[in-house]
Amino acid sequence: MGLRVFRLVSGRGGRVFKPATGCSPRERRASSAKRGAGLGIAPREIQDQELKKFCLRITGLLQKEDLGNETIDCLQRLFLIVSATKYYRKLEKKFVELLLSAMYFPKSPEQVQVLCAAILREISPSEDLTLFYDHIQNTKLLSLMSSVLLAQGNKRDEVRDVGLRVTKILESRQPEGQSLRYLLPVLSKVITLSPKVLKEDQINLLNKRLIDWLRYASIQQGVAQISGGFFSNPRARQPGPITEVDGAVATDFFTVLSVGQHYTEDQWLNMQAFSMLRKWLLYSGNDGTETPDSADDKSELEGSIMSMVSATSTSSRLLPPKERLRENAFEYCQRLIEQSNRRALKKPDCELQKACLVEAVIILDLLCRQDSSFMYRTLSCLKTLHGRLCGDLAYVQALLPVAQFFLNHSEAAAVDSEAVYQHLFTNIPSELFYNSMLAFEFIQFCRDNIHFFNGNLSIFKSSFPNLFKFLAWNSASLISEFVDILPVFIDASTAIEMLHVLLDLPCLTAALDLYLRSSFPTAEKPLWDPSLKPTSCLDGFRDPYHQALFQYLLRPKAKGFIKGLAPLHELLKPMAGCARVIQCAETVPILIQLFFTVVTEFADGTLINQLAVLLLGRSGLLFDVPQFKAAVHREMSSQLLVLCKLHPSLVVELSKELLEFTGTIRNIHSKENIFTHVVWAIGEYLSVLYDRRCTVELINKFFETLEALLFEITQFRPSATLPKCCPRVITVLMTTLTKLASRSQDLIPRVSLFLSKMRSFAQSPAMTSVYSEEDTETILTRATELMNLLKMPSVAQFVLTPSVEVSNPRYHLDTNTSLPLALQMASRLVEKEASLLSW
Amino acid sequence: MVHAFLIHTLSGSGQATGDATFCRVLYSQVFGSERLPDEPGPRGPERDRLLRKEQLLAVARQAETACKLLQQASGRPPTDLLPQSSDEPIPLQDAPSGVFRLRPGDPFQEAKVVVWLRLLSLGCALVCEPHENLLLAESTLRLLTRLLLEHLKLLSSGSNVLLRGDRIEAILNHFLPQGQLLFLNDQFVQALEKELSTSLAR
């Protein structure tokens, strides 16, 4: 197999990879710069033979214990060769062993070790790899080797081996001059990969170590490691106390938000321990059995209000290590919450405060899930925190875990947390819909808690117009998340408003854009498209005439439907071409489809009728975004059919609306797709078979309307000034007329006459100029078939309006072909009969 | 916990010329291999490795698409894909970034969340476990990107990311050890940077 590797055009040396094409170095550099620096890559094949030779060269270097620049250079290239292809590059077993020993070799510079590890990891999983590391005391090297082992796919229980080895070192006395901090991430990875590695006593021991690191790290600063040289005065470098992020001297124990010039070993371990704390609590709290990080373990929590009330911080020293770790984690998180309220001197620390706050709240929630005795204390702490967060949008991300906590526990703790949800669902989406990270987390939060919301949290359901703001602004990134939560919002009471909201989604995007423009007119980094200057829209956004409409569009809660957003469509027209609006418009058909999948599962006749009327009405009231109308019309048409099929009486019950719709000739051109489907549905379902209320008068009424229409488009209108009517519309109209005639047989002569005229119509010069020969042929064939069919009224009725018993077991899967098939059959029968008669 | 880190190319939107249209993974590191399903049939190491590589490419492609869509929505022209001058400092704070979710089985066995960041013509991405602290993941990604810029001269002409695997590895070993996101305050970052510089100095 020829294997490909990417060679750098402007690479150094070139001893291994020669240029694939002969261009000068300058040209190469130029092309490299042009394409974006560092990317001037061209593929070249490295043959196995060539690779072997190259490995031999490295072997030579390594055997000589030459660990200088040339070796490093070669190893870098080898790493590139093995990593740049997705196919497996075989390295000799002996060579692999050599790389291993170079990694172990005490004199190897760190760079060589790192490279060897990287190469070994890249070729993994590898069967030739056997690592012996029981004797290794160097924790840094051990961490490096673990990364190689953990990449092997755990075929030989490598994860367990690594886990045991690391635990052993963490348990024992710290090796001289070695730092344990390289091992904690390994432990964290091990418990992620394999949940059942550690035994109870090992977990207990590690619990104890974590307590020490988390709670009892030094509060004095570390000493600089590097000796200061000639001028250094050891007394001048007395380490001071640790400070808080705002510069004040620390008043309590060390945390990740404690600042010092230098850190001591235990302070490093404190940071590492907190970084893996959530993972560890989940792991050890579940006794090594894995449950997902969600509120599944409710049973543990229920029925323990007593213990919750009676629990105070009893002398935690007496508790077993697991409980003590929880106690310490609790205190740590509380301290972080307090520390995150300080004004950080440095911007990165300010960012860290936010991340810490989020983590602290998540851990508190986890602790309460694992042990309800924390609930009482956590509750008061988080209530205060929530008050603080409501006033400060900078920490808005922490509101989600806080709300999660209340969702998980407010029932058990018997507290009313309505205010928390109210604030979250009402204020946040309206104000921060443009924050894409928050939007993602918010929707994730909703998805994770669907089981809560499905209950009786009305606030969630009624906030859907607000949540759609996230989607309207971040449609490209959120659509796949949104399809998961959309079904929850849909019920009989919201369906109508929801469909309107979906159809108005691109309009909402434009309105949000205007909202941002008018709220932050002088923003340094505008959140909107700066190339677009919708002055007239902005004026409209502010004028009182449109204001009520905009307020309705930007409403935070569901409040029913108002008529007449049409003025907004007109006003917002200049924004219809805006990329964000177009992206949003593209998601609408998907959402409509999903909406109907959900709604048709529970909708009754009344709702179905309402939806059908809505579709017919809104088909003409859509924001004029390029291609949006066509796509939505397509979706509307197929959904109309679904509704008709589900509730065929619709055709009778909505006869007024349908007559009005089909009687408007404009609709043929502006909504061809929907029109065709409606006409077909009339032909299919306007029958006494589906609804006893279907009278002959009603059939005649429809017949007359459609006949007039067909007459108009075929006899009067074939002029060049009018857009031509798709042949499908004509054939569907003809078929529907025939179907209706077969049910009200007085109409048969009328329709036969009409159909017979089709030939002369098709041959008129006005028509031949508009329709291709193929189109004309199609129309005429259908006309002839229908005429033939009508010659035998009883057969026609059977074919065109089959009874349910006949039509239900449809032996051909494609329902669309059923009619043509039947028609052809009938046609042949008639022709045969005719020829027999004439014979 | 982070499952993988990758650096990949981003083709300029609109410029469909030759190489630029393909999304390529320039560097990737997977932190510990994923638990694989017990499916019947032979599965050699080659196939496992191929799967891993394809998974990362799938992530890169999705990140590229997400990036393009974001770029489109912002309405800004794609001209800033190319560096004006290699000496100009890159405003990392403003670098476009985003996040998306990967459903279970597509392409990873379990669900993941990807945090990505665009750096002119390159993209960096962290593939995280679901429910990871995204604020921390995002700031870690920005930190890593800054370090990559500093230590690899990532975007200046003549720099070759591909031959500096060891530097990338060293940066990751210090700041994202085994894929562990670290709560590093600024002093910790400075201390680690010092350590990193010492280890990189040959």
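Me: How many residue pairs are in polar contact across the interface of chain A and chain B?

Reply: In this predicted model, the rule finds 41 such pairs across the interface, counting those with both residues at pLDDT 80 or more. Helix α14 (residues 347-370) of chain A gives the most to the side of chain A that touches chain B, with 9 residues. That side divides into 47 nonpolar, 31 polar and 29 charged residues.

Me: What makes up the contact, and what area do chain A and chain B bury between them?

Reply: Chain A puts 107 residues into the contact and chain B 84 residues. Between them the two chains bury about 8100 Å², and 54% of that is on carbon and sulfur atoms.

Me: Why is the pair Glu481(A) and Arg101(B) called a salt bridge?

Reply: The rule asks for a side-chain nitrogen of Lys or Arg within 4 Å of a carboxyl oxygen of Asp or Glu. In the pair Glu481(A) and Arg101(B), the closest N and O atoms are 3.0 Å apart, so the pair meets the cut-off of 4 Å. Across the interface of chain A and chain B the rule finds 9 salt bridges, and the structure holds 40 over all chains.

Me: What does the salt bridge between Glu70(A) and Arg57(A) tie together?

Reply: The closest N and O atoms of Glu70(A) and Arg57(A) are 3.4 Å apart, so this pair also passes the limit of 4 Å. Glu70(A) lies in helix α3 (residues 69-83) of chain A and Arg57(A) in helix α2 (residues 48-63) of chain A, so the bridge ties together parts that are 13 residues apart in sequence.

Me: Where is Glu65(A), and what is its phi?

Reply: Glu65(A) lies in the loop between α2 and α3 of chain A. Its phi is near 55 degrees, a positive value in a residue other than glycine.

Me: Why are strand β1 and strand β5 of chain B said to pair?

Reply: Pairing requires at least two bridges between the strands. Strand β1 (residues 2-9) and strand β5 (residues 122-128) of chain B have 7 bridges in the antiparallel sense, so they count as a pair. In this pairing, Val2(B) stands opposite Cys128(B) in β5(B).

Me: What makes β2 and β3 of chain B edge strands?

Reply: The open sheet of 5 strands has the order β2-β1-β5-β4-β3 in chain B, with antiparallel pairing. Strands β2 (25-30) and β3 (97-102) each pair on one side only. Neighbouring strands of the sheet are turned by 15 degrees against each other on average, direction ignored.

Me: Which helices lie against this sheet?

Reply: Helix α18 (residues 436-448) of chain A packs on the sheet, where α18 touches β3 and β4 (112-119) of chain B. The direction of α18 makes about 20 degrees with that of β3(B). Helix α1 (residues 45-74) of chain B lies across β1, β2, β3, β4 and β5 of chain B and runs at about 65 degrees to β1(B).

Me: Which peptide bonds, with what omega, are cis?

Reply: Among them is the bond from Ser124(A) to Pro125(A), with omega near -5 degrees. Pro125(A) is found in the loop between α5 (110-122) and α6 (139-150) of chain A. A cis bond also joins Asp106(B) and Pro107(B), with omega about 0 degrees. Pro107(B) is in the loop between β3 and β4 of chain B.

Terms used: Residues are numbered from 1 along each chain as its sequence is written. Chains are lettered from A and ligands numbered from 1 in the order in which they are written. This is a predicted model: local features need pLDDT of at least 70, side-chain atom pairs count only at pLDDT 80 or more; totals for chains, interfaces and linings use all residues. Side-chain values use heavy atoms; hydrogens and water are left out. Contact means heavy atoms within 4.5 Å. Buried area is the accessible area (1.4 Å probe) that two parts lose on being put together, summed over both. A polar contact is a pair of N or O atoms within 3.5 Å; within protein, one must be able to donate a hydrogen and the other to accept it, and residues adjacent in sequence count only if both atoms are side-chain atoms. Helices (H or I, at least four residues) and strands (E, at least two) are DSSP runs, numbered from the N terminus. Ala, Val, Leu, Ile, Met, Phe, Trp, Tyr, Cys and Pro count as nonpolar, Asp, Glu, Lys and Arg as charged, and the others, Gly among them, as polar. Axes are lines fitted to C-alpha atoms, for helices over the stretch in contact, and angles run from 0 to 180 degrees between N-to-C directions.
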